[in-house]
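Here's a quick tour of a single chain, written for someone who likes to have the numbers at hand. Have a look at the sequence and the model, then read on.

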Amino acid sequence: MYNPFKPGKEEGGPSTASGERYDPSDWAAAIKTTLRRKFGGVPFGERPKFALVEAVGKKVIVKINDVGPLRPGRIIDFNERTMRHFDPSLERGVIKDVKVSPLSGDNWTLGPVG
């Protein structure tokens, strides 16, 4: 899980790569910078991309609205809402064996699937 808030830094949350403000209540995530091309770019100021994320027997559609170097071994960082879907207590800290599939188009309903 990631949370880029820095107290007193930016009112309304810091900007993501898409230009949106970070919102911990969205179904959103940041993809590893080296995976930008696979996910259609997510260049700075561009519209968010979408992905189907599968882990621990659950599926969710998220918008990929940010990128980052992430910690070694990670391909995606979830915001708080998405992380709570996979780990309601936030005790795990890291979700293993995550599968991320890019989705084309803009007409996706964010949130749990199935």
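What follows goes from the overall layout to the core, the strand pairing, the pocket and two individual residues.

## The overall layout

First things first: this is a predicted model. The chain has 1 helix and 6 strands, and reading along the sequence you get β-β-β-β-α-β-β.

Of its 114 residues, 39% count as buried. The chain exposes about 6,700 Å², and carbon and sulfur atoms supply 50% of that area. As for how the sequence folds back on itself, take the contacts with a separation of 6 or more: residues 24 or more positions apart account for 69% of them.

## The nonpolar core

The largest nonpolar core has 17 residues, and the members touching the most others are Val53, Val62, Ile64, Ile76, Phe78 and Phe86. Several elements give two or more residues to this core: strands E1 (28-32), E2 (49-55), E3 (58-68) and E4 (76-78), along with helix H1 (80-86). Which element gives the largest share? That would be E3, with 4 residues.

## E2 and its two partners

Strand E2 is mostly covered, with 5 of its 7 residues buried. On one pairing, E2 runs antiparallel to E3, and 7 bridges join the two. Ala55 has Lys58 in E3 as its bridge partner. E2 and E3 form a hairpin with 2 residues between them, and Val56 in the turn has a positive phi of about 40 degrees. If you're checking backbone torsions, that's a spot to look up.

The other pairing is with E5 (residues 99-103): 5 bridges join it to E2, again antiparallel. Here Leu52 stands opposite Ser101 in E5. So far as pairing goes, E2 is bridged to E3 and also to E5.

## The largest pocket

If you're thinking about grids and probes, the largest pocket holds about 220 Å³ of space. It is lined by 14 residues, of which Arg74, Ile76, Val94, Ile95 and Val98 are the closest to its centre. E4 gives the most to this lining, with 3 residues. Ile76 turns up twice in this report: it is one of the residues near the pocket centre listed above, and it is also among the core residues that touch the most other members.

## Two residues up close

Lys32 sits in strand E1. Is it buried or partly exposed? Its relative accessible area is 27%, so Lys32 counts as partly exposed, since buried would need under 20% and exposed over 50%. Leaving aside neighbours within four places in sequence, Lys32 is in contact with Gly68, Pro69, Leu70, Arg74 and Ile75. One of these, Gly68, is 36 residues away from Lys32 in sequence, yet the C-alpha to C-alpha distance is 5.3 Å. Another, Arg74, is one of the residues closest to the centre of the largest pocket.

Arg81 has its place in helix H1. Its relative accessibility is 38%, so Arg81 is partly exposed too, falling between those two cut-offs. Not counting residues up to four places away in sequence, Arg81 touches Pro24, Ser25, Asp26 and Trp27. Arg81 and Ala29 are 52 residues apart in sequence, and their C-alpha atoms are 9.7 Å apart in space.

Terms used. Residues numbered from 1 in each chain as written. Predicted model: local features only at pLDDT ≥ 70, side-chain atom pairs only at ≥ 80, totals over all residues. Heavy atoms only, no water. Buried < 20%, exposed > 50% of the residue type's maximum accessible area, 1.4 Å probe, protein only. Contact = heavy atoms within 4.5 Å. Areas by Shrake-Rupley, 256 points an atom, 1.4 Å probe, with all protein chains shown as cover. Core = buried A, V, L, I, M, F, W, Y, C linked by side-chain atoms within 4.5 Å. Pairing = 2+ DSSP bridges. 1 Å grid on protein atoms, 1.4 Å probe; cavity = no way out; pocket = protein on both sides within 12 Å on 5 of 7 lines; lining within 4 Å. Points joined across faces, edges and corners; volume = space filled by probe spheres on them.
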